Structures are given as structure tokens and as C-alpha cells.
Amino acid sequence: MKSFLEEVNEKINGVPIQRCYHCRKCTAGCPMSTAMEHNPNRVIRMIQMGRRDEVLASSTIWLCVSCETCITRCPNEVDIARMMDVLRQMAIESGTGAKEKNILRFHEAFLAGIRSGGRINEPMMMVNYKLRSGDLFSDMGMGIDMFLKGKLPLVSPRTKDMASVRRIFEKTRQE
Ligand code: SF4
Ligand code: SF4
């Protein structure tokens, strides 16, 4: 049976995360580290120690915004953004689910927008997200301000090549 570390490395399919020597340059540059339950390099350590359940149930993997600052700073080219992506997928596939449920709902609303039009229409995506999360009014004032400043166009063009978009979604379902 594969260890947690082997499983994660296999899914990352790049630089193995044991190349990390815990210099913490990734954590020092991460814009989300102060909000994270475990710092990015600590997540690597936890994977190395086989702490699968704790890692998959942590909010950290959902708070990563995939900005890639970490891999840019890493002397060993460890791709933490890709690792977080893999861990999110593993959390869903294993039935652990998302500790930050609304972040998962945001991802789902984003993907639903891409699936239907090939690109994002922000107001439609926000309506979709609000309905999924049930958080209808918390930032309504900001939404109105953005709309009045023309930052939320009601109509946006669909991608012409929707057949390719459908193929991408089909392919990810098969993998
Ligand atoms: S910057 Fe790279 S080597 Fe340093 S702690 Fe982060 S992942 Fe590990
Ligand atoms: S990709 Fe994630 S872990 Fe890396 S710096 Fe950005 S937010 Fe932090």
C-alpha cells in the first residue's frame, strides 16, 4: 500500500516534495499564511509524517489561492500550489470534504460559469455562489458599488469554441 507521501507525489507528478529542506521561504512570502491553520512548509512536513487525516481535514488547503508565490521563492522548485490542488482533490475524493465549505461552493460556481459559457460572467457567478452558500446579503453593498462603477457587466460574450470547453470537462471526468 502506498504511503500518503507517495500518493501525493504521484498526483503532483513533478518535483517530489521531500526535496523541501524547510527553509520556510515559501511561508515567508505566502499572502495567506497568517490565516492558515498550518503554514505551507508545515503541510509538507505533515505529509512526510503520514498525517493524512489532519492534512485533508485542514482549512489550509482551501485557503491557498494558488498565487504561486511559494514556488517562485522555493530554492528546490517544490510546487506547493499544485500540492494544495492535489490535496483538495484528495479531500473531496476521500469523502473528507472541504473544511471551508463556502470556498468549495465558490469553486463550484466558478466552474459552472465556465461550463456554461466558456468564460466567467461575474454577476451570474456571484448569484450562483450566493444561492449555493445561502450567504445572500453579507456583501451586497460592495456588489452594488461595483455594479454602479461598471465592474460587473451583465452581459459577457460566450467562448466561440464551446466544443473544446465541453471536451475539457469530459476529459477531467474520465481521469
Ligand atoms: S521554500 Fe521550498 S524548500 Fe523552503 S520550506 Fe518552502 S517548499 Fe521547502
Ligand atoms: S500558492 Fe498558496 S501556499 Fe503558495 S504562496 Fe500562494 S497562497 Fe500561499
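**Exercise 1. The nonpolar core**

Task: In this predicted model, find which members of the largest nonpolar core touch the most other members, and which elements supply this core.

Solution.
Step 1. The largest nonpolar core holds 21 residues. Those that touch the most other members are Ile17, Ile47, Ile61, Ile80, Met83, Met84 and Leu87.
Step 2. At least two residues of this core come from each of α3, α4 (52-56), α5 (60-63) and α7.
Step 3. Helix α7 has the largest share, with five residues.
Step 4. Take Met83 as one case. Leaving aside residues up to four places away in sequence, Met83 touches Val8, Ile12 and Ile17.
Step 5. As background, nonpolar side chains in soluble globular proteins tend to be buried together.

**Exercise 2. The shell around ligand 2**

Task: State how many residues surround ligand 2, which come nearest, and which element gives the most.

Solution.
Step 1. Around ligand 2 there are 14 residues, and Cys30, Cys64, Cys67, Cys70 and Ala81 come nearest.
Step 2. Two or more residues of this shell are given by α6 (69-73) and by α7 (80-93).
Step 3. The element that gives the most is α7, with three residues. Helix α7 also supplies five residues of the nonpolar core in Exercise 1.
Step 4. Sorted by class, the shell has 11 nonpolar, two polar and one charged residues.

**Exercise 3. The shell around ligand 1**

Task: Describe the surroundings of ligand 1 by closest residues, elements and residue class.

Solution.
Step 1. Ligand 1 is surrounded by 15 residues, and the closest are Cys20, Cys23, Cys26, Asn41 and Cys74.
Step 2. At least two residues of this shell come from each of α2 (25-29) and α3 (40-48). Helix α3 also supplies at least two residues of the largest nonpolar core.
Step 3. The classes are nine nonpolar, three polar and three charged residues.

**Exercise 4. The whole chain**

Task: Give the numbers of helices and strands, the domains and the overall span of the protein.

Solution.
Step 1. The protein has 11 helices and zero strands, so the run of elements from the N terminus is α-α-α-α-α-α-α-α-α-α-α, where helices and strands are DSSP runs.
Step 2. Two domains are assigned: domain 1 covers 4-93 and domain 2 covers 101-174. Their C-alpha centres lie 27 Å apart.
Step 3. Along its principal axes, the C-alpha trace spans about 50 × 35 × 30 Å.
Step 4. The protein has 175 residues, of which 17% count as buried.
Step 5. Among contacts with a separation of 6 or more, 61% are between residues 24 or more positions apart.

Key
Residues numbered from 1 in each chain as written. Chains lettered and ligands numbered in written order. Predicted model: local features only at pLDDT ≥ 70, side-chain atom pairs only at ≥ 80, totals over all residues. Near = placed C-beta within 6 Å. Helix = DSSP H or I, 4+ residues; strand = E, 2+ residues; numbered from the N terminus. Nonpolar A, V, L, I, M, F, W, Y, C, P; charged D, E, K, R; others polar. Buried ≥ 20, exposed ≤ 12 C-beta atoms within 10 Å, placed from the backbone. Contact = placed C-beta atoms within 7 Å. Domains from an automatic or database assignment. Core = buried A, V, L, I, M, F, W, Y, C linked by C-beta atoms within 7 Å.
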